[in-house]
Amino acid sequence: MHVPLLAYRGAHAPLSVTARRPAQLVGNTPVLWIDEPFAPPGRGFYAKLEGANPGGIKDRPGLHMVREARRRGELAPGAPVVESSSGTLGLGLTLAGLTYGHPVTVVTDPGMEPPMVRLLTALGAHVEQVPVPHPQGGWQRARRDRVGELLARTPGAYCPDQYHNPDNTAAYRPLAAELVAQLGCVDVLVAAVGTGGHSAGITAGLREWFPGLRLIGVDAVGSTIFGQSAAPRLMRGLGSSIHPSNVDYDAFTEVHWVAPAEAVWACRRLARRHYASGGWSVGAVALVAGWAARTYPAGTRIAAVFPDGPHRYLETVYNDAWCREHGLLGHEPPPEPEEIAEPDECVVTSWTRCSRVRDPLGRQAEVKAGVR
């Protein structure tokens, strides 16, 4: 087992840099070794704890997208920023608004946890909730339609469009460099997929050092990203009812779908055993990364991205009454996922793996054939 120098620093770790502005606290997040109960002794994976950023992993693209839009002249000084978010990007954009002087409106839906609404409001964002889902595109389509309405009636307003903005992907290149510095090498990356930004950006950066890197994508049941049919989704922060163009389908080695009860089990085991946990994405990623640690040869260095921490989920994932109401307790996942040969072979409702990954809209094939 490779153990980086970081693991030995202990009480002699250098003092952190004193920040003059909150944006300076973004990045250089720690890694933590995760083994039991996800993998046997001597096996495990390294979790990149992006919850150590002020607002979570999407502080990185929030700051980067706003900074790049200002540089290109797409966002004028003091102009409003309007975007759809289930929560974490809202925090990142609010930080960017504070840093660069822009009012921020976050368009969300009733699924956003009340504590997150209060937090965004306290940090200075205006939060607007759409009342009903779109008949075909669900809550995400309804939110994006509302963003369009706000942009049309607000001259100079800017929407970063996290689903299709390449700046979202580019924002994660520094995270790849951090992993190289912390771990020395990475053989397998496990990442949740929502907008597709961090899986694509980190992978592109890591493959400059390690061309043979394997990427395992983690999606939610009911998500359309990898070819499943859209269905109501309890989990937030991963999955999508639209097809973001930032998803780099060619980069993936395989994809796993995870169900809410399985993610809850993993989140709670992480908290109890490792004192580090998070929300839906963290639980789903930990479940799949543990499988990879058990399945790949001993000595394989596996990195898993934990996008946030547990605090916004105290009334959902970590609330027994809420979980019991939704039938999420007492469902320990099997040691192995179900397997399907094609991503649209059947409707998956529990942890399932597919080693064939393709763009359900055929966009990658069109680009390769020269069709733009």
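**Exercise 1.** Which strands does α4 lie across, and at about what angle does it run to β3?

*Solution.* Let's begin with a reminder that this is a predicted model. Step one: follow α4, residues 138–152, over the sheet. The helix lies across β3, β4 and β5. Step two: compare directions. α4 runs at about 165° to β3.

**Exercise 2.** Work out the layout of the sheet that holds β3, β4 and β5.

*Solution.* Step one: write down the order. The sheet is open, has three strands and reads β3-β4-β5, with parallel pairing. Step two: look for the edges. β3 (81–84) and β5 (126–129) each have a single partner strand, so one side of each is left without a neighbour in the sheet. Step three: add the twist, which averages 20° from one strand to the next. Step four: zoom in on one pair. β3 and β4 (residues 104–108) run parallel and are joined by four bridges. To find one of these on your screen, pick Val 81, whose bridge partner in β4 is Val 104.

**Exercise 3.** Describe the largest pocket and find which helix gives the largest share of its lining.

*Solution.* Step one: note the volume, about 930 Å³. Step two: take the lining, which has 50 residues; Ser 86, Arg 233, Met 235, Arg 236 and Gly 237 lie nearest the centre of the pocket. Step three: sort the lining by class, which gives 21 nonpolar, 21 polar and eight charged residues. Step four: check the helices. α2 (88–100), α4, α7 (197–209) and α9 (280–295) each supply at least two lining residues. The largest share, four residues, comes from α4, the helix you met lying across the sheet strands β3, β4 and β5.

Methods. Residues are numbered from 1 along each chain as its sequence is written. This is a predicted model: local features need pLDDT of at least 70, side-chain atom pairs count only at pLDDT 80 or more; totals for chains, interfaces and linings use all residues. Side-chain values use heavy atoms; hydrogens and water are left out. On a 1 Å grid over the protein atoms alone, a cavity is a set of points where a 1.4 Å probe fits but cannot get out, and a pocket is an open set with protein on both sides within 12 Å along at least five of seven lines; lining residues have an atom within 4 Å of a point. Grid points are joined across faces, edges and corners, and a volume is the space filled by probe spheres set on the points. Ala, Val, Leu, Ile, Met, Phe, Trp, Tyr, Cys and Pro count as nonpolar, Asp, Glu, Lys and Arg as charged, and the others, Gly among them, as polar. Two strands pair if DSSP finds at least two bridges between them. Axes are lines fitted to C-alpha atoms, for helices over the stretch in contact, and angles run from 0 to 180 degrees between N-to-C directions. Contact means heavy atoms within 4.5 Å.
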